[in-house]
Amino acid sequence: LVDCMVALPGQLFYSTQIPVCLWFICRNKRFSPSPAGRRAGGEGRDRAGETLFIDARKLGTLVDRVHRELSGADVARIADTYHAWRGNPDGVYADMPGFCKSATQADIAANGYVLTPGRYVGAEDVEDDDEPFEEKIARLTAALEEQFAESKRLESQIRQNLAQFKTQ
């Protein structure tokens with residue numbers, strides 16, 4: 001019956017700081033009774049045996065120290081992904097590592113029937129910069145040394161400025 005699981009970030013609600021998960025339930029995954037599907041002349045696609053997992057825990061921005069908000073673009077990204085997966089003719093669905101995955105019942109069984117989106121979507125692809133590790137560490141160490149030197153120079157200048165106020 002579970003059509004989609006959406007893991008949301010923590011701090012979205014004033015009553016709790018913990019992350020929440022939205023469960024979308026559908027009794028008949030063989031067609032999509034959505035008005036959008038009917039208007040387009042179709043009924044979506046057969047989703048029997050599939051569940052969509054969306055991990056949206058990285059979305060949203062902090063509006064203060066303890067509250068997070070999802071922007072309109074964040075909500076649209078989640079909704080568009082779900083509608084494309086259901087077979088909306090306006091969108092094309094594709095699994096995105098770190099964000100969404102369409103899992104089969106066999107995938108879910110292999111994970112002990114745990115319905116946590118993070119288990120299925122995995123991690124985002126990390127872009128490799130093709131810079132050898134030794135060269136990268138040498139470059140970053142040199143940059144850090146420059147920043148330390150600049151920090152010492154600024155500290156000395158601040159101390160001189162403070163010393164002027166003591167003499168006045």
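Mentor: A residue is called buried under 20% relative accessible area, exposed over 50%, and partly exposed in between. We apply these words to a predicted model, whose pattern of elements along the sequence reads β-β-α-β-β-β-α-β-α-α-α.

Trainee: How many helices and how many strands does the protein have, and what percentage of its residues count as buried?

Mentor: The protein has 5 helices and 6 strands. With the cut-off for buried set under 20% relative accessible area, the share of its 168 residues that count as buried is 25%.

Trainee: What is the order of the strands in the open sheet?

Mentor: The sheet holds 4 strands with mixed pairing, and its edges are β2 (21-25) and β6 (100-104), each of which pairs on one side only. From one strand to the next the twist averages 15°. Strand β1 (residues 2-7) runs antiparallel to β2 and is joined to it by 5 bridges, and the full order is β2-β1-β3-β6.

Trainee: Which residue in β2 does Cys4 stand opposite?

Mentor: The pairing to examine is that of β1 with β2, whose strands run antiparallel. Across from Cys4, the residue in β2 is Phe24.

Trainee: Which helix packs on the sheet?

Mentor: The helix in question spans residues 72-86 and touches β1, β2, β3 (50-55) and β6. Its direction makes about 165° with that of β3, and its name is α2.

Trainee: Which element gives the most residues to the largest nonpolar core?

Mentor: This core has 13 residues, and those with the most contacts inside it are Val6, Leu52, Ile54, Ala56 and Ile78. At least two of its residues come from each of β1, β3 and α2. In general, nonpolar side chains of soluble globular proteins tend to be buried together. The element that gives the most, with 3 residues, is α2.

Trainee: Which residues does Val6 touch, leaving out those up to four places away in sequence?

Mentor: Val6 is among the residues with the most contacts inside the largest core, and two of its partners, Ile54 and Ile78, are listed there as well. The full set of residues touched by Val6, under that exclusion, is Val20, Cys21, Leu22, Phe24, Ile54, Ala56 and Ile78.

Trainee: Are the two residues of the salt bridge between Arg47 and Asp3 buried or exposed?

Mentor: The side chains of Arg47 and Asp3 meet at 3.1 Å, N to O, and the pair links distant parts of the chain, since Arg47 is in the loop between α1 (35-39) and β3 while Asp3 is in strand β1, 44 residues apart. Because buried means under 20% relative accessible area, the value of 0% for Arg47 and that of 0% for Asp3 lead to one word for both residues, namely buried.

Trainee: Where do Arg153 and Glu150 both lie, and how does their accessibility count?

Mentor: The two form a salt bridge, with the closest N and O atoms 2.7 Å apart. Arg153 at 44% and Glu150 at 35% both fall between the cut-offs of 20% and 50%, so each is partly exposed. They are 3 residues apart, about one turn of the helix, and both lie in helix α5 (residues 133-167).

Trainee: How many salt bridges does a search of the whole structure find?

Mentor: Besides the pairs already discussed, the side chains of Arg139 and Glu131 meet at 3.0 Å, N to O; Arg139 is partly exposed at 44%, as is Glu131 at 23%. Over the whole structure, the number of salt bridges found is 6.

Trainee: Which residue in the loop between α3 (105-110) and α4 (117-121) has a positive phi?

Mentor: Most residues other than glycine have a negative phi. Gln11, in the loop between β1 and β2, has a positive phi near 70°. In the loop you name, the residue has a phi of about 60° and counts as exposed at 61% relative accessibility; this residue is Tyr113.

Trainee: Over which residues does pLDDT stay under 50?

Mentor: The mean pLDDT of the protein is 84, and 89% of its residues reach 70 or more. Where pLDDT is low, the predicted coordinates should not be read in detail. The stretch with pLDDT under 50, for which the model has 4 contacts beyond four places in sequence, is residues 37-42.

Key:
Residues are numbered from 1 along each chain as its sequence is written. This is a predicted model: local features need pLDDT of at least 70, side-chain atom pairs count only at pLDDT 80 or more; totals for chains, interfaces and linings use all residues. Side-chain values use heavy atoms; hydrogens and water are left out. Two strands pair if DSSP finds at least two bridges between them. Axes are lines fitted to C-alpha atoms, for helices over the stretch in contact, and angles run from 0 to 180 degrees between N-to-C directions. Contact means heavy atoms within 4.5 Å. A salt bridge is a side-chain nitrogen of Lys or Arg within 4 Å of a carboxyl oxygen of Asp or Glu. Buried means under 20% relative accessible area, exposed over 50%, partly exposed in between (1.4 Å probe, protein chains only). A nonpolar core is a set of buried Ala, Val, Leu, Ile, Met, Phe, Trp, Tyr and Cys residues joined through side-chain atoms within 4.5 Å. pLDDT is the predictor's confidence in each residue, from 0 to 100.
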